[in-house]
Every structure is written in C-alpha cells, then in structure tokens.
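Work through these exercises with the model open beside you. Try each task before reading its solution.

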Amino acid sequence: MSVYRGGRIVPKHFGVWDSETEYEMLAIVLEEDTGDSYISRKAVPAGTLLSNDEYWALCARFSDQLQTYQEEIDERLDALEDETSKAIDSSSSASEKLVAETKEELQGNIDKLSEELRESNPLYGKKLVGIGDYMMSSWLQKIADRNSMTVMSYGEYDYCFSDIVGQYSEMDDADYVIVFAGSVDIGLGVDIGNEDSEDPSDFYGALNYLCQGLLSKYPQGRIAFITPYVTDYEERVETKAYVDAIETACRNNGGIPVFNNTENGGLCFWNEAQAEKLISDDGSAYSDEGNEWVSWKYEAFMRTI
C-alpha cells in the first residue's frame with residue numbers, strides 16, 4: 001500500500017537558531033541576541049540568515065512582548081485605582097500605601113524587563129554614523145530612535161564615492177558606520193576602473209581608499225555598505241556592474257558586510273503599487289512610508305554585523 005508523506009502542517013519549535021543548520025518548513029527558532037522568534041516559510045538551507053524574508057518571517061518580537069506587559073500593568077493599575085477610589089474611608093491611608101507599594105513592585109518589574117531588553121539589544125545606546133548620497137535619508141534616524149542610539153548623518157544629495165573619500169575623515173567617532181552611496185556614480189557613468197585601483201577618481205579606487213580609511217578610523221567599529229537599487233529595468237546590467245564592484249571591494253578589504261539591494265532589497269521601482277507607496281514622487285528615493293518600511297530591513301541587517 002502506498003503511503004502519503006506530506007510537508008509539515010503544524011509549526012514546531014527548534015530552539016535557538018543555528019546558522020549552520022538546515023530547517024524544514026514551519027520551523028520556529030529563537031534569535032538569541034534579540035529575543036525575537038522567526039518561522040520558516042519553506043525548507044531553509046544551512047547558512048540562510050534570519051533577515052532573508054524569502055525563507056523566514058518574524059513570529060514574535062521581544063520589544064512587543066515588553067510593550068504588551070506594560071499595557072497589562074497599566075490596565076491592572078487602572079483597575080486597582082478604581083477599586084480603591086470606591087472604598088475610600090477611614091482606612092484610606094492604608095489603601096494609598098497599598099497602591100504605592102503595588103506601583104513600586106510593578107515598576108521594578110518593568111525596570112528589570114527593560115534592562116534585559118537593553119542587554120539583549122546590540123544596538124542599544126550605541127553611536128551610529130551614516131554617510132552617502134540621497135538614499136541616506138530618515139530611515140537612519142528611525143533606527144536610532146527605536147534603539148536609543150546617538151546618530152549623525154553625513155553626505156550630500158549628489159555625493160559620489162569620490163566625494164565621500166574626501167569627507168569621511170571629518171566624521172565623529174562611532175560604534176556603527178553605514179555607507180549608502182553609488183546611485184550618483186551610476187547616473188554619471190563614473191569609470192569603474194579595476195579592482196586593484198588606488199585612484200580615488202574611479203569607482204574601484206574610491207571604494208578601496210574608503211574601505212581602508214574607515215577601517216583605520218574605526219578599527220573596532222562595525223562598518224557596512226548598502227548598495228544602490230536597480231531603478232531602471234533597461235539599465236540593470238550597467239547597475240549590476242557597480243553593485244558587483246561594491247561587493248568585490250568590500251570583500252577584498254577585510255570582508256566588510258554588504259546589504260545588496262539588487263538581491264535582497266525587496267523594492268521594485270517599476271512596480272506601480274510599490275512605487276506609489278514606497279518611492280518618492282520624483283521616483284528616485286524613499287517616500288515617508290518607504291523610509292519606515294526599509295528601516296526595519298536595515299536594522300535587521302545591522303544586528304548581524
């Protein structure tokens with residue numbers, strides 16, 4: 001008799017996520033650093049990051065659990081105060097003392113959970129520096145606000161990598177340094193050069209110079225690059241050449257992490273629905289909604305570097 005063997009239909013917990021483990025569909029894992037839980041959309045090959053939303057979906061966020069706990073506490077306090085107000089009599093002073101003690105106990109629990117959240121969040125309270133062109137926008141501040149980070153944004157709307165080379169040395173000290181540029185270079189058709197170039201006037205040369213400069217300025221900093229998108233389908237081959245150069249230069253200079261928007265960005269500039277929601281009216285950068293949307297992607301990436 002033949003036996004039907006189908007895929008999993010009930011989620012199963014697999015404990016703390018291990019990057020070297022393969023997971024089946026509907027596997028639930030815990031990201032130990034953040035306390036967040038993820039569930040697999042399909043079978044996951046070993047080495048697949050939790051930030052890859054083709055394979056993983058966020059299941060539960062630790063910060064959301066803290067917020068829920070805060071809301072439950074507020075509800076309990078409201079109910080307690082309501083009951084106390086109805087029972088005020090000769091023992092009102094005792095009732096007030098009970099309320100105060102209860103508030104103190106609950107606030108202690110909140111403080112303890114907040115401390116646990118801070119300790120589990122590698123971004124909390126850190127110094128964040130960003131430099132780039134017009135794509136370096138308000139998403140950077142949104143990440144900083146969510147994680148109580150000190151943030152400083154450098155760069156200009158029309159910056160090429162050759163401009164950043166002349167600017168980076170003036171940047172503040174930082175724990176995290178994010179470079180998001182290249183779109184202007186692509187638009188101007190800056191000469192790519194070769195991967196061994198030391199000439200900062202060409203694309204590879206500027207990248208090599210910048211990578212070495214940032215590593216020297218921030219020897220213990222967490223440095224990362226974000227690549228441009230393909231904004232025009234007809235120019236995808238030309239754009240990919242510049243994106244490949246960014247990845248190659250970062251790999252050749254110590255393996256600096258790169259978030260490749262052409263592969264993992266999830267934003268198609270010629271999709272009308274996405275363009276209306278996530279892209280600015282001039283079609284070049286993020287809208288307000290786009291900055292909020294993309295900030296979560298880049299924050300998840302930053303937690304991996």
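**Exercise 1. List the buried residues of helix α10, then check the helix's length.**

Solution. Start with burial. The buried residues of α10 are Gly-290, Asn-291, Val-294, Ser-295, Lys-297, Tyr-298, Glu-299, Phe-301 and Met-302. Buried means under 20% relative accessible area, exposed over 50%, partly exposed in between (1.4 Å probe, protein chains only). Helices (H or I, at least four residues) and strands (E, at least two) are DSSP runs, numbered from the N terminus.

Next, the length. Helix α10 covers residues 288-302, which makes 15 residues. The expected span is 1.5 Å times one less than the number of residues. That gives 21 Å, and the end C-alpha atoms are 21 Å apart, so the two agree.

A note on the source: this is a predicted model, where local features need pLDDT of at least 70, side-chain atom pairs count only at pLDDT 80 or more, and totals for chains, interfaces and linings use all residues. Residues are numbered from 1 along each chain as its sequence is written, and side-chain values use heavy atoms, with hydrogens and water left out.

**Exercise 2. Place Asn-147 and find its contacts.**

Solution. Locate the residue first. Asn-147 sits in the loop between α3 (139-146) and β6 (150-155). Its relative accessible area is 2%, so Asn-147 is buried.

Now take its polar contacts (N or O atoms within 3.5 Å; within protein, one must be able to donate a hydrogen and the other to accept it, and residues adjacent in sequence count only if both atoms are side-chain atoms). The side chains of Asn-147 and Asn-121 meet at 2.7 Å. The Asn-147 side chain also reaches the backbone oxygen of Ile-143, at 2.9 Å.

Finally, count any contact (heavy atoms within 4.5 Å). Leaving out residues up to four places away in sequence, Asn-147 touches Asn-121, Leu-123, Tyr-124, Gly-125, Glu-299 and Arg-303. Glu-299 is also one of the buried residues of α10.

**Exercise 3. In which order do the strands of the open sheet run, and which helices pack on the sheet?**

Solution. Read off the order: β6-β5-β7-β8-β9, with parallel pairing. Two strands pair if DSSP finds at least two bridges between them. The edges are β6 and β9 (258-259), each pairing on one side only.

Zoom in on one pair. β7 (residues 176-180) and β8 (residues 222-226) share 5 bridges. Val-179 stands opposite Phe-225 in β8.

Then add the helices. α3 packs on the sheet, touching β5 (127-132), β6, β7 and β8. Helix α6 (residues 203-217) packs there too, touching β7 and β8.

Terms used: Axes fitted to C-alpha atoms, helices over the stretch in contact; angles between N-to-C directions.
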